[in-house]
Amino acid sequence: MSTPLFWSTPLRYIRWASHEKPAIFWSLIIGSMGPVALVTLPPIRRALGDVDPAPIPMSYPIPSGPRKIPQGYDDE
């Protein structure tokens with residue numbers, strides 16, 4: 001049996017590829033789920049009650065007032 005051409009009969013080709021070349025077939029199926037998950041999972045996650053965490057601070061907060069110098073650590 002000759003290899004069916006993809007563009008003339010795509011469903012027949014997909015069936016053939018799933019039997020004859022399963023590693024390539026399943027890698028394409030799993031790889032195509034990535035962009036779909038990128039679009040569909042965030043709304044589903046938020047609908048289930050999961051919230052985004054607060055952003056990580058990019059700087060240390062500077063306290064107001066004079067700096068307190070620690071006592072008892074002087075070299076004498």
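This dialogue walks through the helices, the salt bridges and the surface of one predicted model.

Trainee: What should I keep in mind about the source of the values before I read any feature?

Mentor: The model is predicted, so local features need pLDDT of at least 70 and side-chain atom pairs count only at pLDDT 80 or more, whereas totals for chains, interfaces and linings use all residues. Residues are numbered from 1 along each chain as its sequence is written, and side-chain values use heavy atoms, with hydrogens and water left out.

Trainee: How many helices and strands does the protein chain have?

Mentor: Helices (H or I, at least four residues) and strands (E, at least two) are DSSP runs, numbered from the N terminus. Here the protein chain comes to two helices and zero strands.

Trainee: What span should helix α2 have, and how far apart are its end C-alpha atoms?

Mentor: The expected span of a helix is 1.5 Å times one less than its number of residues. For the 26 residues of α2, residues 22-47, that rule gives 38 Å, and the end C-alpha atoms are 35 Å apart, which agrees. There is nevertheless a kink of about 45° in α2, centred on Ala37, where the bend at a residue is the angle between axes fitted to the seven residues ending there and the seven starting there. After α2 comes Gly49, whose phi is positive, near 100°.

Trainee: Which residues does UniProt place in the feature "transmembrane region"?

Mentor: An unreviewed UniProt entry places that feature at residues 23-41; such positions are given in the numbering used here, feature names are shortened, and annotations may be inferred rather than shown by experiment. In the model, residues 23-41 are 100% helix and 0% strand, with end C-alpha atoms 26 Å apart.

Trainee: Which residues are linked in a network of salt bridges?

Mentor: A salt bridge is a side-chain nitrogen of Lys or Arg within 4 Å of a carboxyl oxygen of Asp or Glu, and by this rule the count comes to three. Arg45 meets Asp50 at 3.3 Å, N to O, and also meets Asp52 at 2.7 Å, while Arg46 meets Asp52 at 3.5 Å; Arg45, Arg46, Asp50 and Asp52 are thus linked in a network.

Trainee: Is Asp52 buried or exposed, or in between?

Mentor: Buried means under 20% relative accessible area, exposed over 50%, and partly exposed in between (1.4 Å probe, protein chains only). Asp52 has 45% and is partly exposed, as are Arg45 at 30%, Asp50 at 37% and Arg46 at 48%. Buried residues make up 5% of the 76 residues in the protein chain.

Trainee: Which residues form a nonpolar patch on the surface?

Mentor: An α-helix has 3.6 residues a turn, so residues three or four places apart point the same way. The patch consists of Trp26, Ile29, Ile30 and Met33, and Ile29, found in helix α2, is partly exposed at 32% relative accessibility.

Notes. Patch = residues over 30% accessible without salt bridge, like charges linked within 9 Å, V, L, I, M, F, W, Y side chains within 5 Å. Areas by Shrake-Rupley, 256 points an atom, 1.4 Å probe, with all protein chains shown as cover.
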